[in-house]
Amino acid sequence: ATGQRFMGAAAGANSRLRDALRADGVDEQTIAAAIKQRADTGALPPTLADVAGENTRALLRFAGSRPGEARNTMQAYRNETVEGVPDAAINRARSLTPDQRPAGEFQEGLRVARDTAARSEYAAPYAEPVQIGPEMASALRGDTGRSAIRRARAAAAARRDDLQMQELDQILGGDLSSFPPVSAGTLDRIRIAMGERGRTASQRGANDMASGLNARAQDLNAGLDAVPGLRDARSNYRGYSQAIEAVDVGQRLLKDAPDAFAAGLADANPQALQAAQVGARQALADALGQRANASPVLRQIAFAPNARRNLTTLFGEGEAERFIQAARLNLQRAENANFMAPNTGSQTMSKGQDANVFMSFVNAVRNPAQALMERVAAGLTLTDAEAASLVRTGLMSPADAARAIRPRPPSAAAQIGSRGSVAIPNAFVSQTGTNR
């Protein structure tokens, strides 16, 4: 850059801004690293306030504290930033899963898919006759067995399944000393009824009863596994059911202790893990969408150990770390904007300085084109694309633009890389294109 005073009356402000940036250790490598970090994590792109340190932020805060347009501009920047961070956090949470359907809709889709598959996959195996061996006969006898058979008979009546009702009536009409062959579908319904009674007993604390009922259900299960095609059909059904339940597990990401959360995902298959991620994404977006709670939720994501552990369990260490870093960077953005909000008590500069000087500082945050001009005046260089942008807007002559372009050091070019265009709203610098 030439160091020429492009801004006229704002040259004094440029000098102060340059000194503040140097005092904060800001150079082109700092800017490139900040851009890359936020692009990698999915955080909002950096502004001057995010890249600079306390010296520069204090300077901007004072500039925005002066009455008039500068104060209004800085206050608007603060409001836009603070209000925009929750929206950015919601969008970042939504990016956690490729499937963007609401969790309830996703869950219903799984139920429909499960029931459709079951109608097709269960038909042939359920029609197969099963010979009742000694172990299965023992499980069906006594008051306990008869009670499960009656429960299965009531369910068949509710479904208007005439074949199962006939078979179950035939069993109940006998003395249960011997059993005719029974269709696999009917036997499976008895097993389901036995298992339901076992779960009910367990919930009541009758663990001895629950153990006995579950053992009977397992004896029936062993016979059913021998039916051709039924094992695969049941496995597929269980996989869908596990995924449906996993959505609810994922929605407890911000509530459950890590051990309980991990237990809910124990032995989760890939489909269930994906479903839990959808549930977590929905819970995160919903929590961040409540404006009054957005900041505490973002802090929980950024700093709470339990949130980190649950995110890592569900999304893996790499994606969890990127998500947490994005939350931290977005929080810092809001804090920086709050720090620079108009503060009439500051006395950093003489009160008699021209309002244009204050606006020059503010525009370094608000106006990318003006920020590029100040970048040149501060002794930093432009890319060819940035210089071309200033020429197009009439803020710089082609000759001045040519003098302002200087090749980047290899290290800085490598940091910015080949990401193409990284838009930085209200930014200190807008990185576009690559160097020739």
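Visitor: What makes helix α10 and α11 roughly perpendicular to each other?

Guide: In this predicted model, α10 (residues 162-173) and α11 pack at an angle of about 70 degrees, with their axes 9 Å apart. Angles under 35 degrees count as roughly parallel, over 145 as roughly antiparallel, 65 to 115 as roughly perpendicular and the rest as oblique. The pair is therefore called roughly perpendicular. Axes here are lines fitted to C-alpha atoms over the stretch in contact, and angles run from 0 to 180 degrees between N-to-C directions.

Visitor: Which residues of α10 and α11 meet?

Guide: Gln 164, Glu 167, Leu 168 and Ile 171 in α10 touch Gly 185, Thr 186, Arg 189 and Ile 190 in α11. Contact means heavy atoms within 4.5 Å.

Visitor: How do you know what span is expected for α11?

Guide: The expected span is 1.5 Å times one less than the number of residues. Helix α11 (residues 184-203) has 20 residues, for which 28 Å is expected, and its first and last C-alpha atoms lie 29 Å apart, close to that value. Helices themselves are DSSP runs (H or I, at least four residues), numbered from the N terminus.

Visitor: Why is the link between Glu 319 and Arg 92 called a salt bridge?

Guide: The term asks for a side-chain nitrogen of Lys or Arg within 4 Å of a carboxyl oxygen of Asp or Glu. For Glu 319 and Arg 92 the closest N and O atoms are 3.1 Å apart, so the pair fits the definition. This bridge links distant parts of the chain, with Glu 319 in helix α18 (residues 317-339) and Arg 92 in helix α5 (residues 69-94), 227 residues apart.

Visitor: What makes Arg 92 buried, and how is Asp 161 classed?

Guide: Buried means under 20% relative accessible area, exposed over 50%, and partly exposed in between (1.4 Å probe, protein chains only). Arg 92 has 9%, so it is buried. Asp 161 has 23%, so it is partly exposed. Its salt-bridge partner Arg 159, at 3.9 Å from N to O, is also partly exposed, with 34%.

Visitor: How many salt bridges does a search of the whole structure find?

Guide: The search finds 19. Among them, Glu 335 meets Arg 299 at 2.7 Å, N to O.

Visitor: How are these values obtained?

Guide: Local features need pLDDT of at least 70 and side-chain atom pairs count only at pLDDT 80 or more, while totals for chains, interfaces and linings use all residues. Residues are numbered from 1 along each chain as its sequence is written, and side-chain values use heavy atoms, leaving out hydrogens and water.

Notes: Helix = DSSP H or I, 4+ residues; strand = E, 2+ residues; numbered from the N terminus.
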